[in-house]
Amino acid sequence: MFTTSRGISLVLALAISALTVAFLFLMEDATPTLLVVAGGISFSVSYILINVTLEFLIFKEIANIYSVLEKIQKKDYSAVTDKSDSLSISPLKKINKTINTYAQAKNKEIETLQKNAEFRREFIADISHELKTPIFAAQGYIHTLLDGAVDDKSVRLKFLKRAAKSLNSLDKLVHDLLTLNQMESGEIKFNFEKFDLREMIHEVIEDMEHKASKRQVLIRFFYDKEKTFITHADKDKIFRVCQNLISNAIKYNNDGGEVEVHLKPHKNHITVEVKDNGKGIPPEDIKRIFERFYRVEKSRSREMGGTGLGLAIVKHILEGHKTKISVSSTVGKGSIFSFELPLDKAAMEVPPKAPSTV
Ligand SMILES: Nc1ncnc2c1ncn2[C@@H]1O[C@H](COP(=O)(O)OP(=O)(O)OP(=O)(O)O)[C@@H](O)[C@H]1O
Ligand SMILES: [Mg+2]
């Protein structure tokens with residue numbers, strides 16, 4: 001009983017009224033009626049004041065703190081909201097507010113840790129799966145050779161070539177993973193320089209011609225011959241971006257398909273567009289193709305030697321250039337991947353001729 005606000009108020013009010021009556025009793029002209037009235041008034045006033053003070057200033061705040069703690073214990077962080085008045089001078093309200101803020105900060109921290117743990121789990125599962133495929137294939141060919149196939153001249157070379165192809169994919173996978181990791185941790189530095197985007201794309205297309213001709217895919221390059229396409233970017237990395245986009249446009253095209261590369265100059269930037277008339281990408285997959293290891297048709301992409309890391313690397317490289325990749329695609333019709341790079345205007349201005357002297 002004495003731990004409730006009413007119990008404490010009752011005891012304190014009784015003590016105050018007893019003291020008041022005792023003090024008045026010492027006075028000579030104090031009548032019994034006066035003593036009773038004074039005792040009654042002092043008791044009621046003290047009871048009400050003490051009770052209100054305890055109930056509203058202390059017990060209510062303590063109850064709030066308990067409810068917050070209970071919610072934290074039940075891991076119900078969402079319900080923990082800050083209702084306290086920030087201008088309040090009550091220390092209990094301040095404690096309540098501090099607990100609220102602390103619980104919300106911890107809630108965010110826990111959510112981030114849970115997301116990271118989930119991401120790590122998924123990443124390790126993906127990576128193990130991806131590594132397993134080429135290792136398993138190379139292992140199979142080598143063991144078959146060791147088990148006797150090495151004596152058969154006709155299969156020896158074929159199996160060795162296949163084992164080497166699997167090991168090449170493994171090498172590409174590890175290399176791409178390292179690149180991605182170094183980019184994410186900021187270890188890879190960007191070396192910006194001025195270069196001719198048109199010349200660079202010609203080089204990429206030349207590299208790809210062989211791959212495209214194997215599937216009778218025609219690559220066409222469109223640009224305005226009157227214009228210059230000098231940009232300021234990391235040449236090697238932009239080479240890699242174009243290489244992956246053009247390579248994808250060939251890989252995910254139909255035999256006999258077409259790939260168009262367009263260079264479009266604007267006032268301050270150049271747009272690079274890689275267009276194909278291949279399979280296209282379903283709308284539900286478009287957002288996910290930039291995730292590591294995400295492939296629309298898993299078996300087909302792997303068959304083509306893809307690791308599913310190409311577009312993740314492209315995204316990181318373009319982010320490092322403060323630009324981004326855009327994609328639009330229609331299933332059965334094809335896809336368009338595009339990005340922008342700054343146009344170096346100084347290179348467009350022809351320097352005035354020096355006056356000739358005799
Ligand atoms: N032009 C495209 N047309 C259709 N699908 C595409 C195209 N480009 C990418 N994709 C889809 O997006 C997926 C991811 O592409 P990404 O370049 O990241 O990986 P990859 O080509 O499979 O492997 P890597 O580029 O590492 O060799 C591909 O597997 C493919 O399913
Ligand atoms: Mg690719």
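Where is the place of Arg295? In this predicted model, Arg295 sits in the loop between helix H7 (283-286) and H8. The residue is buried, because its relative accessible area of 4% falls under the 20% limit. A polar atom of the Arg295 side chain lies 2.9 Å from the backbone oxygen of Thr307. The loop between H7 and H8 also holds Phe293. Phe293 is not a glycine, yet has a positive phi of about 65°. Phe293 is buried too, with a relative accessible area of 5%.

A second buried arginine is found in another loop. Arg215 lies between H5 and strand E2 (218-222). Its relative accessible area is 17%, so Arg215 counts as buried under the 20% limit. The Arg215 side chain has two backbone oxygens as polar partners, those of Ile250 and Asn253. The distance is 2.8 Å for Ile250 and 2.7 Å for Asn253. Arg215 and Asn253 are 38 residues apart along the chain, and their C-alpha atoms are separated by 8.9 Å.

Gln216 occupies the loop between H5 and E2 as well. Gln216 has a positive phi of about 50° without being a glycine. Is Gln216 buried or exposed? At 52% relative accessibility, Gln216 passes the 50% limit and therefore counts as exposed. Arg215, in contrast, is buried.

Phe229 belongs to the loop between E2 and strand E3 (230-234). The relative accessible area of Phe229 is 0%, and the residue is buried. Its C-alpha atom is separated by 7.7 Å from that of Asp344. Along the chain, Phe229 and Asp344 are 115 residues apart.

The nonpolar interior was examined next. In soluble globular proteins, nonpolar side chains tend to be buried together. Here the largest nonpolar core has 50 residues. Those with the most contacts inside this core are Leu197, Met200, Ile201, Ile219, Ile238, Ile246 and Phe339. At least two core residues come from each of H4, H5, E2, H6, strand E4 (258-265), E5, H9 and E7. H6 gives the most, with eight residues. Domain 2 (121-184) and domain 3 (192-348) each supply at least three residues of this core.

Open space was considered last. Rolling a probe the size of a water molecule over the atoms shows where empty space is left. The largest pocket holds about 1200 Å³ of space. Its lining is made of 43 residues, and the closest to the pocket centre are Lys211, Ser247, Asn248, Lys251 and Tyr252. Several elements give two or more residues to this lining. The helices are H4 (153-184), H5 (197-214), H6 (235-251), H8 (298-303) and H9 (310-320). The strands are E5 (269-276) and E7 (334-342).

Which element gives the largest share of the lining of the largest pocket? H6 does, with nine residues. H6 is also the element that gives the most to the largest nonpolar core. By residue class, the lining divides into 15 nonpolar, 14 polar and 14 charged residues. Why does the largest pocket lie between domain 2 and domain 3? Both domain 2 (121-184) and domain 3 (192-348) give residues to its lining, so the pocket lies between them.

Note on methods: Residues numbered from 1 in each chain as written. Chains lettered and ligands numbered in written order. Predicted model: local features only at pLDDT ≥ 70, side-chain atom pairs only at ≥ 80, totals over all residues. Heavy atoms only, no water. 1 Å grid on protein atoms, 1.4 Å probe; cavity = no way out; pocket = protein on both sides within 12 Å on 5 of 7 lines; lining within 4 Å. Points joined across faces, edges and corners; volume = space filled by probe spheres on them. Helix = DSSP H or I, 4+ residues; strand = E, 2+ residues; numbered from the N terminus. Nonpolar A, V, L, I, M, F, W, Y, C, P; charged D, E, K, R; others polar. Domains from an automatic or database assignment. Buried < 20%, exposed > 50% of the residue type's maximum accessible area, 1.4 Å probe, protein only. Polar contact = N/O pair within 3.5 Å; in protein donor to acceptor, adjacent residues only side chain to side chain. Core = buried A, V, L, I, M, F, W, Y, C linked by side-chain atoms within 4.5 Å.
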